[in-house]
Amino acid sequence: MSNRWEDVERQREEEAQRKAQDRQEAEELAKNLGKTVKRLRTEKKVSQEEFAYVVGVHRTYMGLVERGEHNVSVHTARQIAIALGLTLSSLFARVEAEWE
């Protein structure tokens, strides 16, 4: 029979594992979103600098997004989708279709 402290420690370990898995999934999603955005942008033959201007962000920020090094806000994701001629839902549908 385990004691109360062992139960608390086990719960802490499980929570830490869940948080690590959540971080890993968030990083993977950011990378997949970035890859999709970059592919769609290059298909339109638009430079990263021009695209960033249309989206309303700095070029270096867009580079971080395309490399999956930054999580975007919902607002920025919507602006990216609009710049690509997509809805936000269709952008995420493409991300899911390409990377799942």
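**A walk along helix α1 and its salt bridges**

Let's start with a charge pair: Arg10 forms a salt bridge with Glu14, and their closest N and O atoms sit 3.8 Å apart. Keep in mind that what you're looking at is a predicted model. Side chains of opposite charge can pair when their charged atoms come close. Here the geometry is easy to follow, since Arg10 and Glu14 both belong to helix α1 and are four residues apart, about one turn of the helix. Both partners are partly exposed: Arg10 has a relative accessible area of 41%, and Glu14 comes in at 36%. The pair isn't on its own, either, as Asp7 joins Arg10 and Glu14 in a network of salt bridges.

How many salt bridges does the structure hold? The count is seven, so let's pick out a couple more of them. Go along helix α1, which covers residues 4–43, until you reach Arg39. The side chain of Arg39 meets that of Glu43 in a salt bridge, at 2.5 Å from N to O. The spacing will look familiar: Arg39 and Glu43 are four residues apart within helix α1, about one turn of the helix. Arg39 counts as partly exposed, with 28% relative accessibility.

Now for a pair that reaches from one helix to another. The side chains of Arg41 and Glu66 meet in a salt bridge of 2.6 Å, N to O. Arg41 lies in helix α1 and Glu66 in helix α3, so this pair ties together parts that are 25 residues apart in sequence. Are these two residues buried or exposed? Arg41 is buried, and Glu66 is buried too.

Glu66 has company in that respect. Helix α3 runs over residues 59–66, and its buried residues are Tyr61, Met62, Gly63, Val65 and Glu66. What do they pack against? Their neighbours are helices α1, α2 and α4, the last of these being residues 74–83. Just after α3, take a look at the backbone of Gly68, which takes a positive phi of about 75 degrees.

Gly68 brings us to another backbone angle worth a glance. Lys45 has a positive phi of about 55 degrees, although Lys45 is not a glycine. Where is Lys45 placed? You'll find Lys45 in the loop between α1 and α2, with α2 itself spanning 48–55. Lys45 is exposed, its relative accessible area being 75%; the cut-off for exposed is over 50%.

Back in helix α1, try Thr42 as a yardstick. Thr42 is partly exposed at 39% relative accessibility. From Thr42 to Arg10, where we began, there are 32 residues in sequence and 48 Å in space, C-alpha to C-alpha.

One last stop is on the surface, where charge gathers rather than pairs up. Asp22, Glu25, Glu28, Glu96 and Glu100 form a patch of negative charge there. Which element gives the largest share of this patch? Helix α1 does, with three residues. Glu25 has its place in that helix, and it is partly exposed, with a relative accessible area of 44%. Why can Glu25 be part of the patch on grounds of accessibility? Patch residues need over 30% relative accessible area, and Glu25 has 44%, so Glu25 passes that cut-off.

Definitions and conventions
Residues are numbered from 1 along each chain as its sequence is written. This is a predicted model: local features need pLDDT of at least 70, side-chain atom pairs count only at pLDDT 80 or more; totals for chains, interfaces and linings use all residues. Side-chain values use heavy atoms; hydrogens and water are left out. Patches are made of residues with over 30% relative accessible area and no salt bridge: like charges are joined within 9 Å, nonpolar side chains (Val, Leu, Ile, Met, Phe, Trp, Tyr) within 5 Å. Accessible areas come from the Shrake-Rupley method with a 1.4 Å probe; for residues, only the protein chains shown count as cover. A salt bridge is a side-chain nitrogen of Lys or Arg within 4 Å of a carboxyl oxygen of Asp or Glu. Lys and Arg count as positive and Asp and Glu as negative; His and the chain ends are not counted. The place of a charge is taken as NZ of Lys, CZ of Arg, CG of Asp or CD of Glu. Helices (H or I, at least four residues) and strands (E, at least two) are DSSP runs, numbered from the N terminus. Buried means under 20% relative accessible area, exposed over 50%, partly exposed in between (1.4 Å probe, protein chains only). Contact means heavy atoms within 4.5 Å.
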